[in-house]
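The following note collects points for colleagues who are examining this model. Each point is set out separately for ease of reference.

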Amino acid sequence: MLWDAFLKRVADAHNLFGEDERQAFLVRFTERNLPRSDIQVAQDLNISEVTLQRRLGKGVYTHLVTSCPQLNTDKKGKFKIVRDWLKKGYMICQCDGKGVIKATAFPHPSPIANHPYVERPPIESLCYQTLCEPGALIRIKAPRQMGKTELMARVLNLAQQQGYRKVYLNLCQPEESVVQDLDQFLRWLCTNVSRQLQKPLQLQEYWDGDLSSNDNCSAYFQDYLLEQIDSPLVLGLDTVDRLFPHLPIAQDFFGMLRAWHEDSKIIDNWQKLRLIVSHSTEAYIPLDINHSPFNVGLTVPLPEFTAEQVTELAQQHGQVLSKADASLLINRVGGHPGLIKQALVGLKTFRNTTLERLFNEAATDAGIYGNYLRKIWRELQDNPALIPALKKVVEASNGVELASKLAYQLESLGLVHLTGNKVRIRCDLYRDYFGSRLANWAED
């Protein structure tokens, strides 16, 4: 669908039938005029800039506010809000392939309507756009509690809104014995995908003892699951790094995912499959470059929140943060979404306290992060090789160099930032808490 035809459909869906308001909308947001100023567009219409802005404000934006809640503001910048909203909607409409416009839900997706979610542009729009491509592969990479699962849920629910089938699997779910055996693991995969798609389980019909487990799993997907559906299937695999310690299984499984992605270029059924995988660290396991899903598709590293995003998250939690409190959060926990949410919960739980008081003992076992920090400390003790590496990072004022595997493991725990070959502590909270623990460790 062409952009101008799309605008007319949006106008119809939102009852923009008045001649003046309809003309203002269609002309102002035509593709040619998007980068131009109001005064330039007004001159083309032979009206004043004030008249154009009045028609947009009273006639257009008031009609669109039900579908674009961001317009419910007294601040300036509504043209940009609508422009970005339309661009996202146009992409979604192209993905749908049917040109169907629904005024009640279009085009602002709300996959988890009751859950706070702060967008980190352009990440979401890139994921939505990639999702439209046959055989798409999206890889979300970030440390723990950075929002990987929330983003995956966002994309999966958008896919469902567009008529795609969706399946979400967290690889932390299967028992350890399952992930240590490739055949059991792939049977677990096929079983759970079948159940979520509400398809009868037919493993016996497709599991051939003369073929490899990968071949059997691939046949089950290609000849049964994908054959049975007319719409694309988006398969979200969360925390795939659960498999990294199990090298033989990881090599075979990830090689199979790469083969599925490559087969989508020539086989119709595989074009229906769209993969989303998330993991906390780089795949430090040895994988042949031609058999790895970690060097193809769209890679999505999740950045920390900015001060503006911290403020938005607080508002979604029903709280108003001052600029000083937003800065304090950034300074103490570095814009880490999970730690910020925990601080907001602490403010709501202890209503008579302040953020500054919460942070006075935040880096102790009695603080709001006590359980979280003790859990990481136990994981460090279970992997003693990480302790001197972290001690080196904590004591350095600037970034230091570590062996790649140690750096990636510390990053997967969310403790450090990697910039090139340099490793530095993620935030002051970690420096204070683990600094005291590491000093005592050295004395033992």
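**Notes on the predicted model**

1. C427 has a relative accessibility of 4% and therefore counts as buried. The model discussed here is a predicted one. A second cysteine, C217, is likewise classed as buried, because its relative accessibility is 0%.

2. Which cysteine sulfur is closest to that of C217? The sulfur in question belongs to C190, at 3.7 Å, which is too far for a bond. A disulfide would require the two sulfur atoms to lie within 2.5 Å. By this rule the chain has zero disulfides.

3. As to overall architecture, the protein chain contains 21 helices and seven strands. Its C-alpha trace extends over about 80 × 65 × 40 Å along the principal axes. Of the 444 residues in the chain, 50% are buried. When contacts between residues at least 6 apart in sequence are considered, 69% of them link residues at least 24 apart.

4. The surface and the charges may be taken together. The exposed area of the protein chain is about 21400 Å², of which carbon and sulfur atoms contribute 48%. The chain carries 51 positive and 51 negative charges, and the mean positions of the two sets lie 7 Å apart.

5. Helix α3 covers residues 38-45, and its buried residues are D38, V41, A42 and L45. Viewed down the axis of α3, these residues fall within an arc of 100°, so they line one face of the helix. An α-helix has 3.6 residues a turn, so residues three or four places apart point the same way. The packing partners of the buried residues of α3 are α2 (19-28) and α4 (49-64). The residue that follows α3 is N46, which has a positive phi, near 60°.

6. H261 belongs to helix α12, which comprises residues 247-263. Is H261 buried or exposed? With a relative accessible area of 14%, H261 is buried. Apart from neighbours within four places in sequence, its contacts are G135, A136, L137, V296 and G297.

7. P134 lies in the loop that connects α6 (123-131) and β1 (137-141). Although P134 and H261 are 127 residues apart along the chain, their C-alpha atoms are separated by 9.3 Å. Which residues does P134 contact, leaving aside its neighbours within four places in sequence? They are S264, Q271 and R274.

8. S412 is located in helix α20, which runs over residues 404-412. Its relative accessible area is 16%, and S412 is therefore buried. If residues up to four places away in sequence are not counted, S412 touches P143, R144, S280 and T281.

9. L321 occupies the loop between α14 (307-316) and α15 (323-333). A relative accessibility of 11% means that L321 counts as buried. Not counting residues up to four places away in sequence, L321 touches V310, A314, A326, L329, L344 and L347. The C-alpha atoms of L321 and P303 are 21 Å apart, with these positions 18 residues apart along the chain.

Note on methods
Residues numbered from 1 in each chain as written. Predicted model: local features only at pLDDT ≥ 70, side-chain atom pairs only at ≥ 80, totals over all residues. Heavy atoms only, no water. Helix = DSSP H or I, 4+ residues; strand = E, 2+ residues; numbered from the N terminus. Buried < 20%, exposed > 50% of the residue type's maximum accessible area, 1.4 Å probe, protein only. Contact = heavy atoms within 4.5 Å. Areas by Shrake-Rupley, 256 points an atom, 1.4 Å probe, with all protein chains shown as cover. Lys, Arg positive; Asp, Glu negative; His and termini not counted. Charge placed at Lys NZ, Arg CZ, Asp CG, Glu CD. Arc of directions from axis to C-beta.
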